[in-house]
Amino acid sequence: PKSWAGKPVNVRFRVGGEGKLSVNGRLIGGLNPFHTEHRILEKAGGNEVLHFEIEAVPKGLFGSPNLKPQLEEASLVLPDLELRGFVEDLSAAHDAAEHLLKNARAEIAVLICRAIESALLHLELPRSPSENYLARIVKDPRAANMLASIWDEWHFNAAPLELPAKVRVQFAARRKAFAAAINALKRRYPSEGQLFVSGHAHIDLAWLWTFEETRRKIRRTFGTMLSLMDRYPNFHFNQSSAQAYAFVEQDDPELFKRIQARVKEGRWDLVGGMWVEPDGNLLSGESWARQLLYGQRYFRAKFNQTVKVCWLPDTFGYSANLPQILRQGGIEWFFTTKLNWNETNKFPYDLYQWEGIDGSRVIAHSFLNPGQGYNGNIAALDLLGTWKNFKGKQQSETSLFSFGWGDGGGGPTEEMLERYERLKDFPGLPKLETGRVQELYQRFEKEVAAGTELPVWMGEQYLELHRGTYTTQAKTKWFHRRLEHTLNEAESANTLAWKLLGATYPQDDFYQAWTTLLRHQFHDVLPGSSVRAVYDAAHRDLESTLKTVENLRDQALKTLSSNIKLETSNAATQVVIWNLTLNRRVLRLQMPRPTKGAFRLLTPDGLEVGYQELEDQIVVSDSSLTVPSMGYLALAVVAGTPQKTESALKASATTLENEHLSIKIASDGTLQSIFDKTAARETLAGRGNQIWAYTDIPREWDAWEIDAKYDQDGVELLATSKPRLEYQGSLEACILVERRFENAVIEQRYRLRAGSRRLEIETHVRWQGRRTLLRALFPLEIRSHEAWFETAYGAVSRPTHRNTSWDAARFEVNAHRWADLSEAGYGVSLLNDGKYGHSIHKNLMGLTLLRSPIYPDPLAEEGEHHFSYAIYPHQGDWRGETTLEAQDLNAPLKACVVPSSKGKWAASQSFVQLSGHGLQLSSFKKAEEGDEIVLRVYEALGGRGNAKLSTELGIKKAFNINFLEEGSSKTKSNAAGFEFEYTPFSVSSLKLG
């Protein structure tokens, strides 16, 4: 209308779900219960033509469906800014008074209420005609909700009563007088405490919705934030996750440019530094490294910034070596709020130094908001409560506070920003200021530098909640583990092919594969707490990526193998056994049959290598032969009948025995005995590999949690028929055991190889049934007050007793490829190829195999599962061969069958040699930029020493670098190679050129 000229104009929509609003082709923001109204014109000219476009989904907050979606309201609104301001002035003060009263500050609350009364005194609000007055009342949704239950038979359709001009003109003066009253009160009762506030929208990249829906949520939310920034110059907003920005860059380039401009200005704050906000427990060290490498490279490339604050408010616990990992990724500070969710024990600090198992430290901070947590509201409850709960007041006068509705809520609102202006310096409330999050951490650093001592938390930050996330959605976790290992192998193989043969290094393919894996490490995908549609898509994406990476690895190995010549044989075919680690490994693997008909395998020296037929596969094993580090051993395939292999392996329907172990299987399918012949001692203290099915109905958080008393309601699953010998050969024997639970079938194969100390339990489950927890239990003849568990880039010890509530809360813990219980001189490791949930109480070791909750996925785990775990008795403790055995179970040697070559390479060769006890390969890859190689290793045993590196790759120089592949300090070098020092659980990255 022409009469609106020169005035601001809003639009109000309620669309029956979440929506994205564009006006005249420009994205304005999101529509949801917290964002129904948007400013579209600051000054109307009159007679504008406005084109509104809404993209809406029939979903409410947190994915709830709207089965009858419809356009509920569409209105152009001429806001009365003075009236709205007056109402907000009074509402903010009333909110403050209410919560000051609850916090024993009645004297301030009473004076605030008197100021409110004075502001309203003698304000002549019209109350007639009645129909018009009541029509105005029911227009207010707060009143309508209250009155609907008693006025159900009444309908007030008259025009809502309007305020007369003589009332409107009073608002400016009344607001001025009210502000003066509050300012006078502020002089008597100044602000108490200080909060550094930052706008935030916690957007789960997938959870109760798919990644595709998240892409829409992000655009809706980001558009709203940009519109609010146009109107509120003090508004600062922070957002993590390179993946979120990459989605926007792909889906809406114009919106992305607007974000870049605000980042450059300094009001759009980049936090996190990683590709996503990942799970904090299940990632390997190299996965953490890539989260930071690809996340930080993206932020630098698109925004010219390196992120300094790790932002993980909602992740379910934090790995013990994360401080070192963050430091090496350019991150100096850590933030979470999740530890406040502990069920049993209160985490003691909210401003502290977090020290990792290698000794690295980061300043860590948290806050406890009794209102909306990390989705805070600018309201007295949240502000007063957060300041009151801040334990670090003696160390710092300021705590962080983030605000904004999360996920479908669309982030901060106009109401929050209006409330900020009124409460930022209000009597009795904490003083508010805003800016980039790192500015607050820089203050913490200065306070520490000036002599402030922060308490220190050492090691893992275990969340006493959500323990089921180590197991739920087992197939996703299995793909995750496979990709972590296969990507490492593929990069190593392609690095060798690139450096030795000039082959093209598939950098883009690896980037796509890694970022696919990193995306699915998000803290509601990998932990198993998303809806079914997320996992249907995830399994397709992860399986496809795994096949791509396997092909990249196998093609590189084939190219490399074609350059090897066996001088001692005229065989037409050769098998090249590749070892893509930095440890010399015993020849032991299973591979496809290399040729039709009878054949023999010969070493370069003409010695015969034993093998055993298994349908279309063969087992190749010879404990006298090894495959060199980052290298190969070639075997000739010649026609003929193989010689019989002498072997100590013996088997029956109930026994397995080799040089090291004598194993008895009970008729119920459990392990009756594992006798260590070398140590002359029994390993088990009772029947081993008991399979138990427990009722699994936690009090809440179905997919997330395991109840502390789950083990009081279980049934042991015994064999449904006698164990039977499935096959026996000179190199491997296998006993099959079958169990059933209701409609589920569990087939297990006890597999023992000649010369091995590892009893593998290959498991095939056809699962049906809900709310069941499946576990394997091993009572061990070992006594120790602590057990050890593999974690990212190292290992952690945990008590086996429950002396304290902290100990008892760890009834289920996470471990990667192994857990171990050892006493002086002897121990047992439990290895796995894709399981993470463990327990060791006294001498009882447990591994959680499956769990089948009904929320949010009603059919979680239904279907086929294939996995393996293994018992590995050993002399000494886990620092012997446990990590190497776990590596071999997860990533065995790789065989490549090629025609015999006229190449120039010898029959066996190592291309990279590294000395240093306990050092393990993390990555061997082409640098992201330039023609250097990046070699990353980690110390896995908790020791220190001096490492020596030599290669056959023509390396002339080596530099120490971080995860971002930066660094200029040269390593020591001599004619034999390069040297560097390493310390317990440290990660060392070298750039080789």
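The following dialogue examines how several local features of a predicted model are classified.

Modeller: In this predicted model, local features need pLDDT of at least 70 and side-chain atom pairs count only at pLDDT 80 or more, whereas totals for chains, interfaces and linings use all residues. Residues are numbered from 1 along each chain as its sequence is written, and side-chain values use heavy atoms, with hydrogens and water left out.

Biologist: What makes the pair Arg 14 and Glu 73 a salt bridge?

Modeller: A salt bridge requires a side-chain nitrogen of Lys or Arg within 4 Å of a carboxyl oxygen of Asp or Glu. The closest N and O atoms of Arg 14 and Glu 73 are 3.0 Å apart, so the pair meets the definition. By this rule the count comes to 81 salt bridges.

Biologist: Which parts of the chain does the pair of Arg 14 and Glu 73 tie together?

Modeller: Arg 14 belongs to strand β1 (residues 9-14) and Glu 73 to strand β6 (residues 73-77), so parts 59 residues apart in sequence are tied together. Strands (E, at least two residues) and helices (H or I, at least four) are DSSP runs, numbered from the N terminus.

Biologist: Why is Glu 73 called buried, and Arg 14 partly exposed?

Modeller: Buried means under 20% relative accessible area, exposed over 50%, and partly exposed in between, with a 1.4 Å probe and protein chains only. Glu 73 has a relative accessible area of 18% and is therefore buried, while Arg 14, at 36%, is partly exposed.

Biologist: How do you know that Arg 585 and Asp 888 form a salt bridge, and where do they lie?

Modeller: Their side chains meet at 2.8 Å, N to O. Arg 585 is in strand β18 (residues 585-592) and Asp 888 in helix α19 (residues 882-890), 303 residues apart. Arg 585 counts as buried because its relative accessibility is 10%, and Asp 888 is buried because its relative accessible area is 7%.

Biologist: What is the charge environment of Arg 174?

Modeller: Arg 174 is buried yet has no salt bridge. Lys and Arg count as positive and Asp and Glu as negative, with His and the chain ends not counted. The nearest side chain of opposite charge, Glu 124, is 7.9 Å away. Arg 174 is located in helix α6 (residues 171-188), and its side chain reaches the backbone oxygen of Leu 121 at 3.0 Å. That is a polar contact, a pair of N or O atoms within 3.5 Å; within protein, one must be able to donate a hydrogen and the other to accept it, and residues adjacent in sequence count only if both atoms are side-chain atoms.

Biologist: What is notable about phi of His 466?

Modeller: Phi of His 466 is near 60°, a positive value in a residue other than glycine. Most residues other than glycine have a negative phi, and most peptide bonds are trans. His 466 lies in the loop between β16 (456-458) and α15 (474-501), and counts as buried because its relative accessibility is 1%. Gln 473 also has phi near 60°, sits in the loop between β16 and α15, and counts as buried because its relative accessibility is 5%.

Biologist: Which peptide bonds are cis, among them that of Pro 129?

Modeller: A cis bond joins Ser 128 and Pro 129, with omega about 0°; Pro 129 is in the loop between α2 (106-120) and α3 (130-139). Another cis peptide bond joins Tyr 855 and Pro 856, with omega about 5°.
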